[in-house]
Amino acid sequence: MKQIVKILTLLLGVAVVWIGLLQTSTIPESYTWLLPLYLIMSLGCYGLFMVGIGLMKFPTCPQEALFLQQDILEAKEFLKKKGVDVGSD
């Protein structure tokens with residue numbers, strides 16, 4: 001619920017600023033109408049940037065990979081004992 005309140009507050013603030021810019025002539029009206037589009041594009045770029053940063057900082061866990069391979073082998077052996085065909089690997 002707190003996240004919804006934060007998001008709605010932010011959207012309300014942006015809407016107030018946008019309407020204020022439409023009312024005054026600080027920025028030409030032709031540019032002011034494009035501000036929501038610029039905001040959406042900026043948020044999209046920010047999201048892609050954060051995904052890229054997350055991918056670059058993604059930790060590798062070689063020890064966990066070995067444990068996972070061991071678990072897979074154990075599961076294949078278990079399934080073979082039950083009569084399930086698990087492939088040639």
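Which helix does L22 lie in? L22 lies in helix 1. Before I go on, keep in mind that what you see here is a predicted model.

Let's stay with L22 for a moment. L22 counts as partly exposed, because its relative accessibility is 23% and the buried class stops under 20%. Now look for G87: it sits 65 residues away from L22 in sequence, and the two C-alpha atoms are 66 Å apart.

Helix 1 itself covers residues 2–23, and I7 has its place there too. I7 comes out as partly exposed, since its relative accessibility is 48% and you'd need over 50% to be called exposed. I7 also has company on the surface. Together with M1, I4, V5, L8 and L11, I7 makes a nonpolar surface patch of about 640 Å². If you have the structure open, colour those six and have a look.

Moving along the chain, we get to helix 2, residues 29–32, and S30 is found in it. Is S30 buried or exposed? S30 counts as exposed, because its relative accessibility is 52%. From S30 to Q63 you go 33 residues along the chain, and their C-alpha atoms are separated by 58 Å.

Next up, the bit with a database annotation. UniProt, in an unreviewed entry, puts a "transmembrane region" at residues 34–56. That label comes from the record, and such annotations may be inferred rather than shown by experiment. What does the model do over residues 34–56? The span is 96% helix and 0% strand, and its end C-alpha atoms lie 33 Å apart.

Helix 3 runs over residues 35–56, and V51 is in it. V51 counts as exposed, because its relative accessibility is 51% and the cut-off is over 50%. Measuring back along the chain to Q23 is 28 residues in sequence, and in space V51 and Q23 are 37 Å apart, C-alpha to C-alpha.

Now, cysteines, for anyone thinking about gels. How many disulfides does the structure hold? Zero. As a reminder, a disulfide is a covalent bond between the sulfur atoms of two cysteines. C45 is exposed, because its relative accessible area is 52%. C61 counts as partly exposed, because its relative accessibility is 43%.

On to helix 4, which is residues 62–81. Helix 4 has 20 residues and reaches 29 Å from its first C-alpha to its last, close to the 28 Å expected at 1.5 Å a residue. What follows helix 4? G83 does, and its phi is positive, near 90°.

Last residue for today: D85, in the segment after helix 4. D85 is exposed, because its relative accessible area is 73%. Looking back to L73, that's 12 residues apart in sequence and 14 Å apart in space, C-alpha to C-alpha.

So, to recap the points I'd like you to take away: a nonpolar patch that includes I7, a UniProt transmembrane label at residues 34–56, and zero disulfides. Over to you for comments.

Key
Residues numbered from 1 in each chain as written. Predicted model: local features only at pLDDT ≥ 70, side-chain atom pairs only at ≥ 80, totals over all residues. Heavy atoms only, no water. Patch = residues over 30% accessible without salt bridge, like charges linked within 9 Å, V, L, I, M, F, W, Y side chains within 5 Å. Areas by Shrake-Rupley, 256 points an atom, 1.4 Å probe, with all protein chains shown as cover. Salt bridge = Lys/Arg side-chain N within 4 Å of Asp/Glu carboxyl O. Helix = DSSP H or I, 4+ residues; strand = E, 2+ residues; numbered from the N terminus. Buried < 20%, exposed > 50% of the residue type's maximum accessible area, 1.4 Å probe, protein only. Disulfide = S-S within 2.5 Å. Expected span 1.5 Å × (residues − 1).
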